[in-house]
Amino acid sequence: MKTCYLIGVGMGNPDTLTIGAKDCIERCTQLIGAKRLLAAFAAHSGNKLALIRAEEIAAAVHAFDGDTAVLLSGDPGFYSGAAGLYPLLSGIRVETLPGISSLNYFCARLHTTWQDAKLVSVHGREANTVGEIQSHKKTFLLTGSNCTASAVCAQLSSVGLGHVLVHIGQRLSYPDEEIVSGAAAELAWKAFDPLSVMLIENPAPTSCHPGAPCLWDEQLIRGKTPMTKESIRLLAVARLGVRPESTVWDVGAGTGSVSAACAMAAWKGQVFAVEKDEDAVCLIRLNRDALGLWNLHVVEGTAPEALEKLPKPDCVFIGGSKGSMAGVFQAALLKNPAARICLTAVSLESLTDGLECMKKYDLTNVDVTQITAAQAKQLGNYHMMLGQNPVWILSGEGRI
């Protein structure tokens, strides 16, 4: 049976390959990989194919009679193309040969460990980099053209983390290798290679716990904009099922109270607060800044149009839709048919619209709860209970 070797070539310099990987490449009669990686093996006499897509690589392996070495940048176990190849190579013997990755190489050059580091990649993917750095003492980051090292430093500086120590490695393992260290604020305006790696040291990480957080009304900056009260907010976030990695839409965000609670629960994820009222938008930003919730993004606009460019949501909260509730449901479920949707209603008309949308879009696990709460208020030496208007909480989830 022919064999396909998935070889992690690390940073791309052949000098960092293991002896076993070098011998394997020499024995194989076909090499596949990106042009940059194949260039290091120009003298190889075998068949060479410059391919990146997993389907094309797998097809070439199946069609070739001999053994194939697939050159993969980085480490095969860390956001690598190997994950997509494994299920496509059935019927072929597969061996994976890891090499020296940029992670262990960079940490060795810095004379530090990486077993205590949070590993994150933004190379061709999205991640809440500020949230990860904010909540860990040490964070290793693979950058990309979509999120450069200087952009990360600028983000850190903009949210009050310009003091954290940042190490940036460029062209690692090559003769022109360069490692730069300094405070994030100092490095924010310097240019770095798009494929740089970073190690960020935060001496005072925040402590976050997943789940429906306790965010009291007194912690929020209030204005004339209506706000979802804490007793309703707590249940709504729980009904949404917000997880640490969730992407959340809060449509008709008002003061941003639900957005803030979701941002605390989705501390590894992203929350998008959509609001059209200018005064409310200012309040959302004030509350975000006061609470240090840098994974909360304010989207000024009217739904459903403002939802078109947002990433697909795991959870959607509808605090206000101004007659466009069906459009919000449609926009969310088009991007993620399995999204969980929760809404609050204080009028019979909103309750009716919500129930009709749940039925129209065939949501499952639908729950309707009416909450009537009373909040104590001190009057002199006594505490009087002040009743709040009854609120309906509707929740359900789409079908895959």
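A nonpolar core is a set of buried Ala, Val, Leu, Ile, Met, Phe, Trp, Tyr and Cys residues joined through side-chain atoms within 4.5 Å. In the predicted model described here, the largest such core has 28 residues, and Leu 240, Val 242, Cys 262, Val 271 and Leu 296 touch the most other members. At least two core residues each come from α9 (230-240), α10 (257-265), β12 (270-275), α11 (278-291), β13 (296-300), β14 (315-318) and β19 (391-397). The most generous contributor is α10, with 6 residues. Apart from this core lies another one, of 27 residues, whose members include Val 328, Ala 332, Ala 345 and Leu 351.

A helpful place to start looking is Leu 296. Once neighbours within four places in sequence are set aside, Leu 296 is in contact with Ser 259, Ala 260, Ala 263, Val 271, Ala 273, Ile 284 and Arg 288. Helix α10 itself is worth a closer look. Of its 9 residues, 8 are buried, so the helix is largely enclosed by the rest of the structure. The buried residues of α10 are Ser 257, Val 258, Ser 259, Ala 260, Ala 261, Cys 262, Ala 263 and Ala 265. Their cover includes α9, β11 (247-251), β12, α11, β13 and β14.

For orientation, here is the overall picture. The protein has 13 helices and 19 strands, and its C-alpha trace spans about 85 × 50 × 30 Å along the principal axes. Of the 400 residues in the protein, 49% are buried. Among contacts between residues at least 6 apart in sequence, 67% join residues at least 24 apart.

Towards the start of the numbering, the eye meets a sheet. Here 5 strands form an open sheet in the order β3-β2-β4-β1-β5, with parallel pairing. Strands β3 (47-50) and β5 (93-97) stand at the edges with a single partner strand each, so one side of each has no neighbour in the sheet. On average, and with direction ignored, neighbouring strands of this sheet are turned by 20° against each other. Within the sheet, 3 bridges join β2 (residues 30-33) to β4 (residues 68-72), and these two strands run parallel. A pair that is easy to find is Gln 30, which stands opposite Thr 68 in β4. Two helices can be followed from here. Helix α1 (residues 19-27) lies across β1 (3-8), β2, β4 and β5, and runs at about 135° to β1. Helix α3 (residues 54-63) also packs on the sheet, where it touches β1, β2, β3 and β4. The direction of α3 makes about 175° with that of β2.

Further along the chain, helices α12 (residues 325-335) and α13 (residues 348-360) pack at an angle of about 30°, with their axes 10 Å apart. The crossing of α12 past α13 is right-handed. At this meeting point, Met 325, Ala 326 and Phe 329 in α12 meet Ser 350, Asp 353, Gly 354, Cys 357 and Met 358 in α13.

Strand β15 (residues 340-345) has 6 of its 6 residues buried, so this strand is largely enclosed by the rest of the structure. Both faces of β15 are covered, with Arg 340, Cys 342 and Thr 344 buried on one side and Ile 341, Leu 343 and Ala 345 buried on the other. Strands β14 and β15 pair in the parallel sense over 4 bridges, and Leu 343 in β15 is the bridge partner of Ile 318.

Cysteines deserve a word for anyone working at the bench. The structure holds 0 disulfides. The sulfur of Cys 107 is 16 Å from the closest cysteine sulfur, in Cys 153, which is too far for a bond. With a relative accessible area of 0%, Cys 107 counts as buried. Cys 262 is likewise in no disulfide, and the nearest cysteine sulfur, that of Cys 315, is 7.3 Å away. Cys 262 is also buried, with a relative accessible area of 0%.

A contrasting residue is His 383, found in strand β18 (residues 382-387). At 53% relative accessibility, His 383 counts as exposed, because the cut-off for that label is over 50%. Beyond its neighbours within four places in sequence, His 383 is in contact with Lys 377 and Gln 378.

Conventions. Residues numbered from 1 in each chain as written. Predicted model: local features only at pLDDT ≥ 70, side-chain atom pairs only at ≥ 80, totals over all residues. Heavy atoms only, no water. Buried < 20%, exposed > 50% of the residue type's maximum accessible area, 1.4 Å probe, protein only. Contact = heavy atoms within 4.5 Å. Pairing = 2+ DSSP bridges. Axes fitted to C-alpha atoms, helices over the stretch in contact; angles between N-to-C directions. Disulfide = S-S within 2.5 Å. Left-handed = near helix turned anticlockwise from the far one by under 90°.
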